[in-house]
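Thank you all for coming; I would like to walk you slowly through one structure today. Please have a look at it first, and then we will take its parts in turn.

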Amino acid sequence: MQPALVAKYGEARLPRYTSYPTAPRFSPAIDANTYGDWLADIAPKQPASLYLHIPFCRSMCWYCGCHTTITQRDQPILDYLDMLREEVHLVSAKTRAPLSIDHVHFGGGTPTIMQPEEFRALVALLRERFEFASMTEIAVEIDPRTLEPEMATALGEAGVRRASLGVQSFDPVVQKAINRIQSEEQTMEAVSRLRQSGVDSINFDLIYGLPHQTVESCIATAEAAIRMGPERFAVFGYAHIPSFKKHQKLIDEADAEGRVAQAEAIAATLAAAGYRRIGLDHFALPDDSLAIAQASGRLHRNFQGYTTDACETLIGLGASAIGRTNDGYVQNEVPPGLYAQHIASGRLATVKGYRMTPEDRLRAGIIERLMCDFGVDVPALATAHGFDPEMLLRGNTRLAMLESDGILDIADGVIRLREGRRFLIRAAAAAFDAYIEQSGRTHSKAA
């Protein structure tokens with residue numbers, strides 16, 4: 001690890017590039033009417049994915065960068081689910097034919113905060129309004145602290161086969177500092193319940209860069225998690241954005257060099273246990289579909305991170321949800337109350353978005369391949385999109401600086417990150433971001 005490189009590149013607040021262009025480029029010029037037109041333009045039978053946002057939790061984790069609301073009552077959740085079901089009807093009525101669904105992802109917040117019967121009914125509605133196949137993958141994010149046996153059973157009965165469990169850290173000192181007390185026993189019990197219910201692929205989320213974390217505590221957490229046998233890990237750096245999330249003022253941000261050391265320690269621990277590194281921040285067992293997709297060059301990246309989902313159409317449902325069609329990106333109203341007002345009035349909740357240009361699509365393709373493969377053939381992609389590759393390479397000062405600093409190599413327009421410099425992949429991706437200066441230096445989790 002070279003401290004000079006960490007100081008020069010590692011501290012930069014760059015997007016995670018789960019989309020391009022990133023969320024700060026979204027504009028109110030793209031509204032509900034625009035989205036309605038885009039939905040009508042989707043070709044019949046075109047494969048699509050669904051994302052459903054459930055923006056409620058029982059308590060606030062102070063590190064959280066998600067859009068969520070704390071409630072101890074069930075009525076706000078029930079009211080919200082009424083609006084979510086109505087949005088399903090509104091959106092599905094806009095398309096020329098029922099969309100063929102490849103992937104469904106429930107995110108939050110805490111999706112399993114709803115009652116088991118509510119979850120079953122919601123999935124049943126999705127199956128009614130869209131076309132599901134036997135291979136349609138349904139995934140859900142879970143807080144292990146609140147997963148009851150009845151909910152685990154409902155997940156399995158509804159067809160959920162993939163679950164992502166928030167772990168973050170098993171260090172009690174760190175847990176106290178972030179207001180998330182979660183024992184290893186609670187997590188193990190949640191895993192056992194899910195396995196018994198037929199959920200056969202489990203992911204753990206870990207975070208580094210939290211207050212009081214050390215390399216040693218990160219390794220201990222990773223080792224404890226490995227013993228529970230998840231198929232995948234997602235390992236994220238804590239994003240300290242108190243100007244965006246006020247509750248983050250309750251905790252401190254770790255130094256950049258310490259963050260990188262923690263990330264690499266976790267990566268080494270997972271690799272030693274047989275997990276393959278997938279892109280920047282995911283890990284999977286060799287026979288997992290994510291590892292297979294990476295090996296065959298079919299890995300993709302979307303708002304959930306690295307994925308096997310190749311669908312161009314993503315229908316975002318719920319407050320703050322982001323969707324995508326071939327035309328561009330759309331985002332719903334963020335506050336649940338305002339979102340509900342749109343839906344109750346019989347109109348889509350879209351309040352901003354972005355219309356993609358041909359050049360955006362090229363740059364998005366280059367950035368995705370860099371993020372997924374740590375390399376990209378710029379001339380091949382540029383030609384496929386009808387552009388001169390020199391437009392991207394000539395005079396690219398960011399790219400030239402990365403090459404000069406020994407972070408990547410360029411030969412005939414083919415870029416490859418050096419093995420020991422892959423933690424700087426976002427800096428390489430930013431070299432092809434036409435909007436990086438306008439977007440500013442602070443980006444949300446969704447960017």
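**Helices, spaces and unusual bonds**

Let me begin with the second largest pocket, whose lining is made up of 25 residues, and if you want to find the middle of it, look for Glu312, Arg324, Tyr329, Ala364 and Glu368, which lie nearest its centre. Please keep in mind throughout that this is a predicted model. The space in this second largest pocket comes to about 660 Å³. Two elements each give two or more residues to its lining, namely strand S11, at 300–302, and helix H12, at 358–373. Of these, H12 provides the largest share of the lining, with six residues. If we sort the lining of this pocket by class, we find ten nonpolar residues, eight polar ones and seven charged ones.

Now let us turn to the helices, and to helix H3 to begin with, which covers residues 75–94 and whose axis comes within 10 Å of the axis of helix H4, residues 116–129, with a crossing angle of roughly 5°. How do H3 and H4 lie relative to each other, roughly parallel or roughly antiparallel? Angles under 35 degrees count as roughly parallel, and therefore H3 and H4 are described as roughly parallel to each other. On the H3 side, the contact is made by Leu78, Leu81, Leu84, Arg85, Val88, His89, Ser92 and Ala93, while H4 brings Glu118, Leu122, Leu125, Leu126 and Arg129. By class, the residues of this contact between H3 and H4 are eight nonpolar, two polar and three charged.

H3 has another partner that I would like you to see, which is helix H11, residues 336–344; the axes of H3 and H11 come within 9 Å, and they cross at roughly 45°. This pair is therefore oblique, and the crossing of H3 with H11 is left-handed. From H3, the residues Tyr80, Met83, Leu84, Glu86, Glu87 and Leu90 meet Pro336, Tyr339, Ala340, Ile343 and Ala344 from H11. In the contact of H3 with H11, nine residues are nonpolar and two are charged, with no polar residue among them. You may have noticed that Leu84 was named in the contact of H3 with H4 and was named again in the contact of H3 with H11.

H4 also has a further partner, helix H5, residues 149–158, and here the two axes come within 9 Å and cross at roughly 15°. H4 and H5 are therefore roughly parallel to each other, and their crossing is right-handed. Here Pro116, Phe119, Arg120, Val123 and Arg127 of H4 meet Glu150, Met151, Ala154, Leu155, Glu157 and Ala158 of H5. The contact of H4 with H5 holds seven nonpolar residues and four charged ones, and no polar residue.

Next, a word about enclosed space. How many cavities of 30 Å³ or more are there? The count comes to one, and the largest cavity has a volume of about 40 Å³. Its lining consists of Asp74, Ile77, Leu78, Leu81, Ile113, Met114, Gln115 and Glu118. H3 gives the largest share of that lining, three residues. Leu78, Leu81 and Glu118 will sound familiar, since they also take part in the contact of H3 with H4. Sorted by class, the cavity lining has five nonpolar residues, one polar residue and two charged ones.

Finally, let us look at some details of the backbone. As background, most residues other than glycine have a negative phi, and most peptide bonds are trans. Against that background, the peptide bond from Tyr20 to Pro21 is cis, with omega near -10°, and Pro21 sits in the loop between helix H1, 3–10, and helix H2, 32–41. The peptide bond from Gly108 to Gly109 is also cis, with omega near 10°, and Gly109 is placed in the loop between strand S4, 100–108, and H4.

Where does Lys45 lie? Lys45 is in the loop between H2 and strand S1, 47–54, and although it is not a glycine, it has a positive phi of about 70°. His212, likewise not a glycine, has a positive phi of about 75°, and it is found in the loop between strand S7, 201–208, and helix H8, 215–226.

Definitions and conventions
Residues are numbered from 1 along each chain as its sequence is written. This is a predicted model: local features need pLDDT of at least 70, side-chain atom pairs count only at pLDDT 80 or more; totals for chains, interfaces and linings use all residues. Side-chain values use heavy atoms; hydrogens and water are left out. Axes are lines fitted to C-alpha atoms, for helices over the stretch in contact, and angles run from 0 to 180 degrees between N-to-C directions. Helices (H or I, at least four residues) and strands (E, at least two) are DSSP runs, numbered from the N terminus. Angles under 35 degrees count as roughly parallel, over 145 as roughly antiparallel, 65 to 115 as roughly perpendicular and the rest as oblique. Contact means heavy atoms within 4.5 Å. Ala, Val, Leu, Ile, Met, Phe, Trp, Tyr, Cys and Pro count as nonpolar, Asp, Glu, Lys and Arg as charged, and the others, Gly among them, as polar. On a 1 Å grid over the protein atoms alone, a cavity is a set of points where a 1.4 Å probe fits but cannot get out, and a pocket is an open set with protein on both sides within 12 Å along at least five of seven lines; lining residues have an atom within 4 Å of a point. Grid points are joined across faces, edges and corners, and a volume is the space filled by probe spheres set on the points. A crossing is left-handed if the near helix is turned anticlockwise from the far one by less than a right angle, and right-handed if clockwise.
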